[in-house]
Structures are given as structure tokens and as C-alpha cells.
Amino acid sequence: MKFENLMLHSLFAACLLVCVLTLGAMISAPSYAPASIASANHVTATQPAG
């Protein structure tokens with residue numbers, strides 16, 4: 001029973017660590033505006049080629 005309890009506590013700690021690191025990475029990641037990046041690199045069909 002002691003071994004199973006230790007394994008469950010270790011699994012809980014590992015899962016909690018992964019969740020906290022993932023949440024921290026999502027919060028600290030820079031946020032880009034996808035619409036402005038896409039429009040800056042987008043060539044419309046009305047512009048002449050060449």
C-alpha cells in the first residue's frame with residue numbers, strides 16, 4: 001500500500017508540474033495579431049503581377 005500511495009503522489013506531482021508549466025508558457029507567450037501579420041504579407045488579386 002505504501003508503494004502505490006507513493007506512486008500516486010508522484011504521478012499527481014508530475015501532472016501538476018506539467019499543467020503549471022503549460023499554463024505559464026501560454027500566459028508568458030507573446031501574443032501576435034494574426035490578422036495584421038496576414039494582411040502585411042498578403043498580395044491581393046487586384047495588384048498586377050510583376
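**Figure 1. Helix H1 and its cover.** A residue counts as buried when its relative accessible area is under 20%. In this predicted model, H1 is hardly covered: none of its 27 residues is buried. The helix covers residues 2–28 and reaches 39 Å from its first C-alpha to its last, close to the 39 Å expected at 1.5 Å a residue.

**Figure 2. The chain as a whole.** Stepping back for a moment, we find two helices and zero strands. Of the 50 residues of the chain, 0% count as buried. The accessible surface of the chain comes to about 4900 Å², and carbon and sulfur atoms account for 74% of that area.

**Figure 3. A nonpolar patch on the surface.** Here you can look at Phe12, Leu16 and Val20, which form a nonpolar patch on the surface. Together these residues have about 310 Å² of accessible area. Leu16 has its place in helix H1. With a relative accessibility of 46%, Leu16 counts as partly exposed, because that class lies between the 20% limit for buried and the 50% limit for exposed.

**Figure 4. Two cysteines without a disulfide.** A disulfide is a covalent bond between the sulfur atoms of two cysteines. Why is Cys15 not bonded to Cys19? The closest cysteine sulfur to that of Cys15 is in Cys19, 6.6 Å away, and so too far for a bond; the cut-off is 2.5 Å. Cys19 is likewise in no disulfide, with the sulfur of Cys15 as its nearest cysteine sulfur. The count of disulfides comes to zero. As for its surroundings, Cys15 counts as partly exposed, at 41% relative accessibility.

Note on methods. Residues numbered from 1 in each chain as written. Predicted model: local features only at pLDDT ≥ 70, side-chain atom pairs only at ≥ 80, totals over all residues. Heavy atoms only, no water. Patch = residues over 30% accessible without salt bridge, like charges linked within 9 Å, V, L, I, M, F, W, Y side chains within 5 Å. Areas by Shrake-Rupley, 256 points an atom, 1.4 Å probe, with all protein chains shown as cover. Salt bridge = Lys/Arg side-chain N within 4 Å of Asp/Glu carboxyl O. Helix = DSSP H or I, 4+ residues; strand = E, 2+ residues; numbered from the N terminus. Buried < 20%, exposed > 50% of the residue type's maximum accessible area, 1.4 Å probe, protein only. Expected span 1.5 Å × (residues − 1).
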